There are 2 protein chains.
Amino acid sequence: MLGDRWSLLIIRDMMLRGSRTFKEFLDSYERIATNILADRLRKLISYGVITTEPDPTDGRKRIYLLTEKGIALAPVMTEMVLWAADHEETGNQALVRLMREDKEKFLAGVRRRWAESRSRE
Amino acid sequence: MLGDRWSLLIIRDMMLRGSRTFKEFLDSYERIATNILADRLRKLISYGVITTEPDPTDGRKRIYLLTEKGIALAPVMTEMVLWAADHEETGNQALVRLMREDKEKFLAGVRRRWAESRSRE
DNA sequence: CATATCACTTGCATTTTGCAAGTGAAGTAT
DNA sequence: ATACTTCACTTGCAAAATGCAAGTGATATG
């Protein structure tokens, strides 16, 4: 289900970078094709990992949000980022520092921000 | 690098099920084609996640082993298994119970068994 | 009203995957 | 010693997934 090149990157962008719209996903530096992005979003919705709704402030946009099942991937993402930081190219240094300082606190923050952005909808 | 359907499953089998040979990977219930398996093993080696050496007790076999970089994926795997147990089909119940009881202890056990199997080579 | 932005879709070429059937080296049984 | 089996692959080809470029239609902006 997460066994493809893009799904986890989309979730990472939602969780850690706060991406919410089609265009924001496209602008993440890894260049995903628009048809593939549309397909992955559709699949993530069908798996129950994200949901979507129209943007109330701009009728052209759709907002994509993580579900509970989606935000529950935060520990997986965190461990992946930490592993990559140790063994691959260096990613977001500030984020990695926060994760290392206090992993539980970091995860609580991720989940709190998620809950807040949901309640605003 | 882990963005494909099979690489993480191979690593999971090595880490959690103790698979070490080509045939053992094939016998994991997810049916991977032999050409793809050979390709993924080659790529995992080139990424430095696993190594391989001949089996001293059977000249036909090759033994595949996780490197330090590979075993460092244990926390990622653990979180994935826990997430899947909560949100997808139920996997290995006994393993999940162990992980939940004491994650740190579980991870220490994984790493200890890895170190022991390495020193025997 | 004209132009731009956004979230897509379509058509087609390229790449990756999967399947079935080998191959060669080494081990096992008779 | 010879035949048969096991093991770790490779090869050839079909099918599926991916990537690219160029739309499309709805909404927003100047």
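**Exercise 1. Find how much of helix α1 in chain A is covered, and name the residues concerned.**

Solution. Helix α1 of chain A covers residues 7–16, and eight of its 10 residues are buried, so the helix is mostly covered. Buried means under 20% relative accessible area, exposed means over 50%, and partly exposed lies in between, with a 1.4 Å probe and protein chains only. Helices (H or I, at least four residues) and strands (E, at least two) are DSSP runs, numbered from the N terminus. The buried residues of α1(A) are S7(A), L8(A), I10(A), I11(A), R12(A), D13(A), M14(A) and M15(A). Past the helix comes G18(A), with a positive phi near 75°.

The model is predicted: local features need pLDDT of at least 70, side-chain atom pairs count only at pLDDT 80 or more, and totals for chains, interfaces and linings use all residues. Residues are numbered from 1 along each chain as its sequence is written, chains are lettered from A and ligands numbered from 1 in the order in which they are written, and side-chain values use heavy atoms, with hydrogens and water left out.

**Exercise 2. Carry out the same reading for helix α1 of chain B.**

Solution. In chain B, helix α1 (residues 7–16) is mostly covered, with eight of its 10 residues buried. Among them are S7(B), L8(B), I10(B) and I11(B). R12(B), D13(B), M14(B) and M15(B) are also buried. G18(B) follows α1(B), and its phi is positive, near 75°.

**Exercise 3. State which operation superposes chain A on chain B.**

Solution. Start from the general case: two copies of a chain are related by a rotation about an axis and a shift along it. Here the rotation is 180° and the shift along the axis is 0.0 Å, with an RMSD of 0.0 Å. That is the relation of a two-fold axis. The C-alpha of chain A nearest the axis belongs to D4(A), at 2.4 Å. Superposition is by least squares on the C-alpha atoms of residues with pLDDT of at least 70 in both copies.

Next, take the interface. Of the interface residues of chain A, 100% are also interface residues in chain B, so the copies meet through the same surface.

**Exercise 4. Describe the fold of chain A by its elements, its extent and its surface.**

Solution. First, count the elements: chain A has seven helices and two strands. Their order from the N terminus is α-α-α-β-β-α-α-α-α. The radius of gyration of chain A is 14 Å, close to the 14 Å that the globule rule gives for 121 residues, so chain A is as compact as a globular protein of that length. The radius is taken over C-alpha atoms, and the rule is 2.2 Å times the number of residues to the power 0.38.

Second, take the extent. The C-alpha trace of chain A spans about 40 × 30 × 25 Å along its principal axes. Of its 121 residues, 47% count as buried. Among contacts (heavy atoms within 4.5 Å) between residues of chain A at least 6 apart in sequence, 49% join residues at least 24 apart.

Third, take the surface and charges. Chain A exposes about 6800 Å², of which carbon and sulfur atoms supply 52%. The areas come from the Shrake-Rupley method with a 1.4 Å probe; for residues, only the protein chains shown count as cover.

**Exercise 5. Place T78(B), E53(A) and P56(B), and classify each as buried, partly exposed or exposed.**

Solution. T78(B) sits in helix α5 (residues 74–87) of chain B. Its relative accessible area is 2%, so T78(B) is buried. Leaving aside neighbours within four places in sequence, T78(B) is in contact with M99(B), K103(B), F106(B) and L107(B).

E53(A) belongs to strand β1 (residues 50–54) of chain A. With a relative accessible area of 25%, E53(A) is partly exposed. E53(A) and Y64(A) are 11 residues apart in sequence, and their C-alpha atoms are 6.8 Å apart.

P56(B) is in the loop between β1 (50–54) and β2 (62–66) of chain B. P56(B) has a relative accessible area of 72% and is therefore exposed. From P56(B) to D86(B) the separation is 30 residues in sequence and 41 Å in space, C-alpha to C-alpha.
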